[in-house]
Amino acid sequence: MRYNDDKLRKVIFVKQYPVDTNKIKDDLYLAVNGAWLKEAKIPADKPATGGFFDLADNIEKTLMSDFEEFLNGKAHTDDPYLREFLKYYRLASDFDKREKLGFTPAKPFLKQIEELKDLKDWETKLPALTLAGYPSPFPISVEPDMKNTKAYALYADVASLILPDKTYYEEGNQQAPALLEIYRQMMTKLFALAGYEAEFAQKTITEALAFDRSLAPHQKDSTERADYTKQYNPYTFADFTAFSSHIDLKTYIKALVKTDDIDKVIVTEPKYYQALDEILTEQTFANFKSWLLVKSLRAISHYLTDEARIVSGQYARALSGSKEAMKPQKAAYYLASEQFDQVVGLYYAHKYFGPKAKADVHQMVTKMIAVYQKRLKANTWLSQATKEKAILKLSTLGINVGYPDELHYLYKKFIVDEDKDLVANDLNFTKITLSDHYSRLKKEVDRTRWAMPAHMVNAYYNPSFNIIVFPAAILQAPFYSLNQKASENFGGIGAVIAHEISHAFDNNGAKFDEFGNLKNWWTKDDLNAFEKLAQAMIEQFDGLQTEAGKVNGKLVVSENIADAGGLSCALEAAKEDPQADIAAFFINWARIWGTKASLERQKLLLAIDVHSPHVLRANVQPKNLADFYTTFNVQPGDGMWLDEDKRVNIW
Ligand SMILES: [Zn+2]
């Protein structure tokens, strides 16, 4: 890519780290990233550094510098939405004003919780509180119906816990006591800053933690949640509202979605709702109210004085292993750009990516789909009937590259009132967003909205829409560059593209049809064969040791199936090139995963993330491919050797 690609590259890869080619046979990841790992330093305000993180850090620098020019009048924009963003960014950056206001802007928000008298009182105010962004133990949302994705349905989910996952609450968990202690210290400081009595603060925190703990046993853990089609448990509206004898769910939901015409509610975790009647009662109300206050205080502190902002991030830093809070200006940049993420994304994409790059990458995606189709046609373990269905699904896959064509209408409603403070503006945006969210139940499903902004270094597959999305930010070196060999691009962005395509056929995605509806299109035998292969992938990763602990094969199976499919498809595409350099292909594959992360972050991800640790993503999948062995002459006894009967090939 000629367009500005170099401008972005310059800062990131100023130094070329040599590959230790002799070491590849034993450890591909270390051979490629070892020299870099020796020197790499994790920024004090971040939990990790390397491939994905370097790109994100660079975008942060670029955008912060651009926006500073707007703020101090050196640059000008006529884009009305960007101007609203800049107004909001200015408010977020006005630390003198934030300091002067102290906790005053938060008082009315917190008072609404403090004044709750009993469960009845909360129930009466619940629709308004929900629309104002307060948490609830039974979060209701409006999302596409998994079995008919043209229509929206009501979903009932579970409250997110203070600890990362229910397993942290189980006896013998090594990390929970220290984490809870940090949470308590953080909340103690925030209550003091907000002017509450110390005794009240201690009582409130203790009650809040007790309530949180009471939710844990009824929830699924991360591994159960990773099997996400099991979220689909429809209940008639009458059956759903019978889950609580203390709360009138019927009146609440009707008020929330402003319609009486409700036929069903999809319950993501029925076991939790079966316990709802004991979780939330007049007897547990005191603990619940404290939980509400603690959660609300922590959330709003982020928008107040700099001290409050720093303290409110203490627990998150303990989880991620970031050593320091971000500097005020950077924190303001993230606060404002998260609210206006698609506006910022479009600014980034139009300036640094553009329509030519969009067309180029779109073509590359089309090429990868063609290779994928060829592979499906040549598949040896599927029957003709299932094969045809898979090809049909592939041929209807929607492709989104770079940035959305249009800004979502919601951003047009985000008008900043500069006479009001940051908190008032934020609460207003929350209200606008939530009113829009709940009003869409009977409307047509909007398939054009992107779940990620263009400046995010990531990509995704949405099974309900059968679409793949590649934001502009990931389309840079080492993933993709005209200055790299074609084989390197295939080992980078090619494998990422094919990874996302493979999600249409991973253990979850395979359960959705070409329209994105949850529907079986497999013959019984084919499904059995697929499940056996998925099981082999679970076993290949299960128990693998990393410096932070062991991998849970079941938690990470869907991503590993996508990685395996992605790498083998990208390899085939690379081999079609007459100048193919397969060594460069595998080396760049390992390069994109180069990461140094805090031990805390690694432990957290091992417990809750559906992706395998980067070092394993780099090293395990190549072992499944015959070309890796021939390219590097890997022999039995070498670290990268895997016996043929242990290799797993699915797509
Ligand atoms: Zn994935």
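A nonpolar core is a set of buried Ala, Val, Leu, Ile, Met, Phe, Trp, Tyr and Cys residues joined through side-chain atoms within 4.5 Å. In this structure, which is a predicted model, the largest such core has 217 residues. The residues with the most contacts inside this core are F67, F85, W122, F138, F240 and W651. Apart from it lies another core, of seven residues, including M146, A153, I266 and F512.

F85 offers a way into the largest core. Leaving aside residues up to four places away in sequence, F85 touches F67, A336, S337, F340, V343 and V344. Two of these partners, A336 and S337, are among the buried residues of helix α18, to which the description now turns.

Helix α18 comprises residues 328–339. Its twelve residues reach 17 Å from the first C-alpha to the last, close to the 16 Å expected at 1.5 Å a residue. The buried residues of α18 are K330, A331, A332, Y333, L335, A336, S337 and Q339. The elements that cover them include α3, α4 (80–93), α5 (95–101), α16 (306–312), α19 (341–352) and α22.

One of the buried residues of α18 carries a charge pairing. Side chains of opposite charge can pair when their charged atoms come close. K330 forms a salt bridge with D45, with 2.7 Å between the closest N and O atoms. This contact links distant parts of the chain, for D45 lies in the loop between α2 (28–39) and β1 (48–50), 285 residues from K330 in helix α18. Both partners are buried.

A second salt bridge starts from that loop. K46 pairs with E60, and here too the closest N and O atoms are 2.7 Å apart. K46 sits in the loop between α2 and β1, whereas E60 belongs to helix α3 (residues 51–71), 14 residues away. E60 and K46 are both buried. Through shared partners, salt bridges join D45, K46, D57, E60 and K330 into one network.

The structure holds 27 salt bridges, and the pair formed by K111 and E115 is one of them. The closest N and O atoms of this pair are 3.5 Å apart. K111 counts as partly exposed because its relative accessibility is 44%, and E115 counts as partly exposed because its relative accessibility is 44%.

The metal site comes next. The zinc ion is coordinated by NE2 of H499, NE2 of H503 and two OE atoms of E559, at 2.0 to 2.8 Å. The four donor atoms subtend angles of 51 to 139° around the zinc ion, so the arrangement is irregular. Along the sequence the donor residues follow the spacing H-x3-H-x55-E. H503 lies in the loop between α23 (486–502) and α24 (524–541), and E559 lies in helix α25 (residues 557–575), so that the pair links distant parts of the chain, 56 residues apart. Both H503 and E559 are buried.

A final stop is W450, placed in the loop between α22 (422–438) and β7 (460–462). W450 counts as buried because its relative accessibility is 8%. Not counting residues up to four places away in sequence, W450 touches Q342, N400, V401, G402, Y403, P404, Y460, V469, F470 and P471. One of these, V469, is 19 residues from W450 along the chain, and the C-alpha atoms of the two are separated by 7.9 Å.

Definitions and conventions:
Residues are numbered from 1 along each chain as its sequence is written. This is a predicted model: local features need pLDDT of at least 70, side-chain atom pairs count only at pLDDT 80 or more; totals for chains, interfaces and linings use all residues. Side-chain values use heavy atoms; hydrogens and water are left out. A salt bridge is a side-chain nitrogen of Lys or Arg within 4 Å of a carboxyl oxygen of Asp or Glu. Helices (H or I, at least four residues) and strands (E, at least two) are DSSP runs, numbered from the N terminus. Buried means under 20% relative accessible area, exposed over 50%, partly exposed in between (1.4 Å probe, protein chains only). Contact means heavy atoms within 4.5 Å. Donors are N, O and S atoms within 2.8 Å of the metal (3.2 Å for Na, K and Ca); water is not among the atoms, so sites may look incomplete. Four donors count as tetrahedral if all angles lie between 85 and 135 degrees; four count as square planar and six as octahedral if opposite donors are over 155 degrees apart and all others between 65 and 115; anything else is irregular. The expected span of a helix is 1.5 Å times one less than its number of residues.
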